[in-house]
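Subject: The structure I promised you

Hi there,

Here is the structure we talked about, with the sequence alongside. Have a look around in your viewer first, then read on for what turned up.

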Amino acid sequence: MDPRAAAIFRERGIQVDEKPGLTPEEFKAIIGDYDGLAVRSSTRVNAEAMDAAIPRLKVIGRAGIGVDTIDVPAATARGIVVMNTPFGNSITTAEHAIAMLFALAREIPAADQSTQAGKWEKNRFMGVELSGKTLGLIGCGNIGSIVADRAHGLKMKVVAYDPFLSPERALELGVDKVELDELLRRADFISLHTPLTDQTRGILSREALAKTKPGVRIVNCARGGLIDEAALKEGLESGHIAGAALDVFMQEPAKENPLFGTPNLICTPHLGASTNEAQVNVAIQVAEQMADFLLLGGITNAVNMPSLSAEEAPRLKPYMALAEKLGRLVGQVAGADIRSVAVEVEGAAAELNMKPITGAVLAGLMGTYSDTVNMVNAPVYAKERGLDVKEVRHEREVDYHTLVAVTVGTAEGDKRVAGTLFGNRAARLVDIFGVAVEADLTPRMIYIVNTDAPGFIGSLGTTLGKAGVNIATFNLGRRKAGGEAVALVAVDDPITPELTEELRKLPGVRQVVPLTF
Ligand SMILES: NC(=O)C1=CN([C@@H]2O[C@H](COP(=O)(O)OP(=O)(O)OC[C@H]3O[C@@H](n4cnc5c(N)ncnc54)[C@H](O)[C@@H]3O)[C@@H](O)[C@H]2O)C=CC1
Ligand SMILES: O=C(O)CCC(=O)C(=O)O
C-alpha cells in the first residue's frame with residue numbers, strides 16, 4: 001500500500017504497523033491487538049481471521065474496489081465495518097482494459113517478444129482495427145462507463161449487458177443496453193466489468209462462450225471467476241476466440257495456470273489498479289475513511305452499513321446514544337416476543353439522517369439477546385428474527401424540541417417508549433408505555449409497575465435499603481390516581497435475582513425488571 005496511508009493514520013494520531021507478507025498464523029497471532037485492518041487484494045480476510053481479531057477489530061478497509069477477498073457476511077455477523085474505495089482506481093483499471101484491447105488487436109506482447117528475439121516477423125502479425133468494431137461490456141458501472149467513454153473516443157460501438165443499468169444512464173453513456181445473448185452475438189470485443197458474485201460467477205460459461213461471434217477477443221480486468229478458464233482455453237485453441245487478455249485469474253497469485261502458453265493469450269498479474277496515481281488515491285481514501293470512522297464515527301463507502309459523514313457523526317452521536325438506550329429499554333421490558341419495531345423521529349431529530357438512529361435502536365434492542373450485537377450486525381439479526389422494521393419521520397409541531405420514539409409490536413399489543421435530548425446532549429426518557437416520566441437512563445435501574453397506593457414508595461425504599469442497594473434517583477409516573485403506576489429507580493448497586501423476587505412480592509407490585517444500560 002502506498003506509504004501515504006500510514007502517513008495519514010499517523011498524522012491523525014492513529015498508531016500504525018505495516019506488516020506485509022504475514023503467514024495466516026502470524027496474522028492471527030497479532031490481529032487481536034488492532035482496531036483497524038487496511039488491505040489490498042492479495043490479503044484474504046476470512047471468518048477465522050476475524051475470529052482472531054474480535055472483539056477489538058472494528059473496521060476493515062479495502063484500498064481498492066472488489067471486496068470478494070473479504071468475507072463480508074462474516075464481518076457483518078461479527079459487527080465489523082467493511083469499507084472500500086470505489087472510485088480511486090477506476091480510471092486506472094479502465095485504462096488497463098483499453099490497453100488490453102490494443103494489445104489483443106495488434107498482438108503487441110507476441111510481436112515484442114519476436115522482434116527482440118531478432119525474428120522480424122512482419123508478415124506474422126496482422127492486426128485488426130478497433131475503429132468501427134463493437135465492444136460488448138458485461139457490467140457497466142464505474143469502470144465499465146469509463147471504458148465505454150474511452151471506446152467511443154476510439155470510434156467503437158458499445159453495447160452493454162448490465163441488469164442494473166437504467167435506460168436513461170445507458171442513453172447518457174451512449175451505449176446500447178442489451179441482453180447477454182445479444183451482446184455475445186454482436187460483440188467483436190468483450191470486456192468484463194462486474195464484481196464477482198453468485199450471479200456473475202461463470203457469466204462467460206462454456207455455453208456463453210459458444211454463443212460468441214467467431215473471432216471474438218475477450219478482456220477480463222475484473223475477476224477471475226467470471227470466465228470458465230477451461231472453456232476459454234478450448235476456444236482459443238480452436239480459433240473460435242481470436243484472443244483473450246486476462247489480468248485476473250480463478251486462482252491468484254497465478255504462478256501456474258492451465259491457460260499459460262495457449263495461443264493468443266495475454267496475461268498480466270492483476271495490474272489493473274497498479275498505477276502510481278491509483279495507489280495514491282486508494283491509500284489516501286482508505287486511511288481517511290478508516291480514521292474518520294475510528295476517531296469520529298463517520299462512515300463512508302461501507303459495504304455493510306449505511307453512510308454517516310464525519311460532519312454528521314458528532315450531531316448524531318447523542319441521538320444514537322438515546323436511540324440505543326430506548327432500544328435497550330424496550331428490549332428488556334417488552335419481553336422476547338417482539339414482532340415489529342417502529343422508530344419515529346420528531347422535531348429536530350426529524351431533520352437528521354435516520355438510518356444511524358434506527359441502527360442504534362436495533363443495536364440496543366438486539367443487544368438484549370446477544371453480547372456481540374452492534375450497529376453493523378443488528379439489522380442482520382433483526383432480519384433473521386423476522387422483525388418488521390419501520391421508520392417514521394413526523395413533520396408536526398411537538399412538545400419537545402426533539403423526540404425519538406420506539407414502538408414494538410408484541411403479542412400483547414404495541415408498546416412505545418420515547419426520549420428527548422436535554423441540552424442537546426443528555427438522553428432523557430419522557431414516556432414509557434403511555435406513562436409520562438422524566439428519567440435519565442443510567443447504568444443500573446429497576447423498572448417497577450405497581451398499583452398506585454399510599455406507602456408503596458416507603459416499602460420499596462426499605463426493601464432496597466435492607467439489601468444494601470443505594471437509590472441514586474427515583475422517577476415516578478402513573479396513568480391515574482389509584483391506577484397503574486410506574487417507578488424507574490436508578491441504583492448504585494447490582495440487583496440480584498433474589499432481590500428482584502423480593503420486590504415482586506411487595507403489595508401492589510405487578511412487574512419488576514432490573515435494567516442495565
Ligand atoms: N483488475 C483490477 O485490478 C481491478 C478489478 N476491479 C474489479 O472490477 C469490478 C467492477 O468495478 P466497478 O466498475 O468499480 O464496480 P461497479 O459496482 O461500479 O460496477 C459493477 C457493475 O456490474 C453490474 N453487475 C452486477 N451484477 C451483474 C450481473 N449479474 N450481470 C451484469 N452486470 C452486473 C452492476 O450493476 C454494476 O453496474 C470490481 O468489482 C472489481 O472486482 C476493480 C478495480 C481494479
Ligand atoms: O489492490 C489491487 O491492486 C487490486 C485492485 C482490485 O482488484 C480492486 O480494487 O478490486
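Let's start with ligand 2. The residues around ligand 2 are R40, S41, G64, I65, G66, N89, H270, G272, A273 and S274. Sorted by class, that shell holds 7 polar, 2 nonpolar and 1 charged residues. Keep in mind as you click through them that this is a predicted model.

Now for ligand 1. Which residues come nearest to ligand 1? They are G66, G141, F164, P195 and G272, out of 32 residues around that ligand. Two elements, α5 (90-106) and α7 (142-153), each give two or more residues to this shell. Of the elements, α7 contributes the most, with 3 residues. As for classes, the shell around ligand 1 has 15 polar, 14 nonpolar and 3 charged residues. You may have spotted two names in both places: G66 and G272 are among the residues nearest ligand 1, and both are also listed around ligand 2.

Next, the domains. The chain splits into four pieces: domain 1 (4-88 + 277-296), domain 2 (90-267), domain 3 (311-441) and domain 4 (443-517). Notice that domain 1 is written as two stretches of the chain, 4-88 and 277-296. Which domains give at least three residues each to the shell around ligand 1? Domain 1 and domain 2 both do. If you look across from domain 2 to domain 3, their C-alpha centres are 50 Å apart.

UniProt has something to say here too. Its unreviewed entry lists residues 98-272 as "domain: D-isomer specific 2-hydroxyacid dehydrogenase NAD-binding". In the model, that stretch is 34% helix and 17% strand, with its end C-alpha atoms 11 Å apart. The unreviewed entry also puts a "domain: ACT" feature at residues 445-507. Over residues 445-507 you'll find 30% helix and 37% strand, and the C-alpha atoms at the two ends are 20 Å apart.

Two helix pairs are worth a look. Take α1 (residues 4-11) and α12 (residues 276-296): their axes come within 8 Å and cross at roughly 25°. Angles under 35 degrees count as roughly parallel, so α1 is roughly parallel to α12. The crossing of α1 past α12 is right-handed.

The other pair is α5 and α7, the helices we met at ligand 1. How do α5 and α7 sit, given axes that come within 9 Å and cross at roughly 50°? They are oblique to each other, because that angle falls outside the ranges for roughly parallel, antiparallel or perpendicular. Here too, α5 passes α7 in a right-handed crossing.

Last, a few backbone details to hunt for. Most peptide bonds are trans, and most residues other than glycine have a negative phi. With that in mind, check these spots:

- The bond from I54 to P55 is cis, with omega near 10°. P55 sits in the loop between α3 (47-53) and β2 (59-62).
- The bond from E252 to P253 is cis as well, with omega near 0°. You'll find P253 in the loop between β9 (241-246) and β10 (265-267).
- K155 has a positive phi, near 65°, and is not a glycine. K155 belongs to the loop between α7 and β5 (157-161).

Happy exploring, and shout if anything is unclear!

Cheers

Methods: Residues are numbered from 1 along each chain as its sequence is written. Chains are lettered from A and ligands numbered from 1 in the order in which they are written. This is a predicted model: local features need pLDDT of at least 70, side-chain atom pairs count only at pLDDT 80 or more; totals for chains, interfaces and linings use all residues. A residue is near a molecule or strand if its C-beta atom, placed from the backbone, lies within 6 Å of it. Helices (H or I, at least four residues) and strands (E, at least two) are DSSP runs, numbered from the N terminus. Ala, Val, Leu, Ile, Met, Phe, Trp, Tyr, Cys and Pro count as nonpolar, Asp, Glu, Lys and Arg as charged, and the others, Gly among them, as polar. Domain bounds come from an automatic or database domain assignment. UniProt positions are given in the numbering used here, feature names are shortened, and annotations may be inferred rather than shown by experiment. Axes are lines fitted to C-alpha atoms, for helices over the stretch in contact, and angles run from 0 to 180 degrees between N-to-C directions. Angles under 35 degrees count as roughly parallel, over 145 as roughly antiparallel, 65 to 115 as roughly perpendicular and the rest as oblique. A crossing is left-handed if the near helix is turned anticlockwise from the far one by less than a right angle, and right-handed if clockwise.
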